Amino acid sequence: MTAVQAPVSAARSAPEQTRARYPDAKGYVERDGVRLFWERYGDGDTTVLLLPTWSIVHSRHWKAQIPYLARHFRVLTFDGRGNGRSDRPAGAGAYDDEQYVADAVAVLDATSTREAVLIGLSRGGRWAVELAAARPERVLGAMLIDPAISFMAPLPQRQAFSFDEELDTTEGWAKFNRHYWRREYRDFLEFFASEAFSESHSTKQIEDFVGWGLETGPETLTLTQLGAQPASRSEMEATLGRVRCPVLVVHGEDDQVRLHAVGAAAAELTGGQLVTIEGGGHCPQARHPVQINLLIREFVESLGGMAR
């Protein structure tokens, strides 16, 4: 594993929206030939690691959290493999859950971070659980936001359609299909974004999501679906049961991607606390940022993390 820190003044590789705060340090860490792009904000005593989510978007999905949290804590983000400025390796095995977990550890090592509070959205919530179970000495606590916990309360309308087979319909969740992605990738992004942001007045969040999704492609996104994930409910429950750090689960009441019951199950199986965002969808960090930011700060402080 190698790490390279890039100067903060270095030109960005692609145009992007103006940021409320730019990183104090950034760089790449290479692990098994895959380069991962990380950023650090602030220099507080306690580190908060904002994990990647599904590689359909990159770390800018935390843009509403970074400026606030960096005033109080040391904040790390990184683009998950498959999007942003991180590499897009070939082969489904490159997108196994264990790869994302190992990537998070590599970023902690590259930034000289002994331990951190993990914050994970959707799949990032599952990776936070897997990291906390596998490397407890690196994790102070884990906050799971609308976590994608496999086999827990699956969405019926999503389960009705095959991902791999050609379908005779393209309505609704039938768009979550590898063949449809190849033909109509942007339409899938627009559909999925509308499900993720089920709240009214989410036009800007949907626009951001689609734009970020276009920075990867259907081939890479398909590989993320084929990579190894928990194989059974019993395996997922066993992993949740091995988590020993404090856990806070935050879940939108109206989540149309992962039902609220998923978050409730995750809280029960980890012995954690459950907070429900009334009327919230799948991405409350973007639609309810003040509430999420305060919950993160309160959670970190409850672990003994001192805010500046």
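**Exercise 1.** Does H201 count as buried or exposed, and at what relative accessibility?

*Solution.* The model is a predicted one, and the placement of the residue comes before its class. H201 sits in the loop that runs between α6 (185-196) and α7 (203-213). Its relative accessibility is 74%, and because the exposed class begins over 50%, H201 counts as exposed. The backbone deserves a further step: most residues other than glycine have a negative phi. H201, a residue other than glycine, has a positive phi near 60°.

**Exercise 2.** Describe the backbone and the burial of D146, and state where in the chain D146 is found.

*Solution.* D146 belongs to the loop between β7 (139-145) and α4 (156-159). Although D146 is not a glycine, its phi is positive, at about 45°. For the burial, the cut-off is under 20% relative accessible area; D146 has a relative accessibility of 0%, and therefore counts as buried.

**Exercise 3.** Determine which side chain makes a polar contact with that of H72, and classify H72 by its accessibility.

*Solution.* H72 is located in the loop between α1 (66-70) and β5 (74-78). With a relative accessibility of 6%, H72 counts as buried. The side chain of H72 is joined to that of R297 by a polar contact of 3.4 Å.

**Exercise 4.** Work out the surroundings of R135, beginning with its place in the chain and going on to its neighbours in space.

*Solution.* R135 lies in the loop between α3 (123-134) and β7. Its relative accessible area is 30%, a value between the limits of 20% and 50%, so R135 is partly exposed. The side chains of R135 and E137 are joined by a polar contact of 2.6 Å. As for a residue further along the sequence, R135 and V243 are 108 residues apart, while their C-alpha atoms are 9.6 Å apart in space.

**Exercise 5.** Which residues does T239 touch, when those up to four places away in sequence are not counted?

*Solution.* T239 is part of helix α9, which covers residues 233-241. The relative accessible area of T239 is 10%, and T239 is therefore buried. With residues up to four places away in sequence set aside, T239 touches V129, E130 and A133.

**Exercise 6.** Place D43 in the chain, classify its exposure, and give the C-alpha separation between D43 and A70.

*Solution.* D43 occupies the loop between β3 (34-41) and β4 (47-50). At 54% relative accessibility, D43 counts as exposed. Along the chain D43 and A70 are 27 residues apart, and their C-alpha atoms are separated by 7.6 Å.

**Exercise 7.** Judge whether the overall dimensions of the protein agree with those of a compact globule, and then describe its burial, contacts, surface and charges.

*Solution.* A compact globule of 308 residues would have a radius of gyration near 19 Å, and the protein, at 18 Å, agrees with this. Along the principal axes, the C-alpha atoms fill a box of roughly 55 × 45 × 40 Å, and the protein contains 12 helices and 9 strands. Of its 308 residues, 57% count as buried. Among contacts with a separation of 6 or more, 72% are between residues 24 or more positions apart. The accessible surface comes to about 12600 Å², with 49% of it belonging to carbon and sulfur atoms. Finally, the protein has 33 positive and 41 negative charges, whose mean positions are 6 Å apart.

How values were computed. Residues are numbered from 1 along each chain as its sequence is written. This is a predicted model: local features need pLDDT of at least 70, side-chain atom pairs count only at pLDDT 80 or more; totals for chains, interfaces and linings use all residues. Side-chain values use heavy atoms; hydrogens and water are left out. Helices (H or I, at least four residues) and strands (E, at least two) are DSSP runs, numbered from the N terminus. The radius of gyration is taken over C-alpha atoms; the globule rule is 2.2 Å times the number of residues to the power 0.38. Buried means under 20% relative accessible area, exposed over 50%, partly exposed in between (1.4 Å probe, protein chains only). Contact means heavy atoms within 4.5 Å. Accessible areas come from the Shrake-Rupley method with a 1.4 Å probe; for residues, only the protein chains shown count as cover. Lys and Arg count as positive and Asp and Glu as negative; His and the chain ends are not counted. The place of a charge is taken as NZ of Lys, CZ of Arg, CG of Asp or CD of Glu. A polar contact is a pair of N or O atoms within 3.5 Å; within protein, one must be able to donate a hydrogen and the other to accept it, and residues adjacent in sequence count only if both atoms are side-chain atoms.
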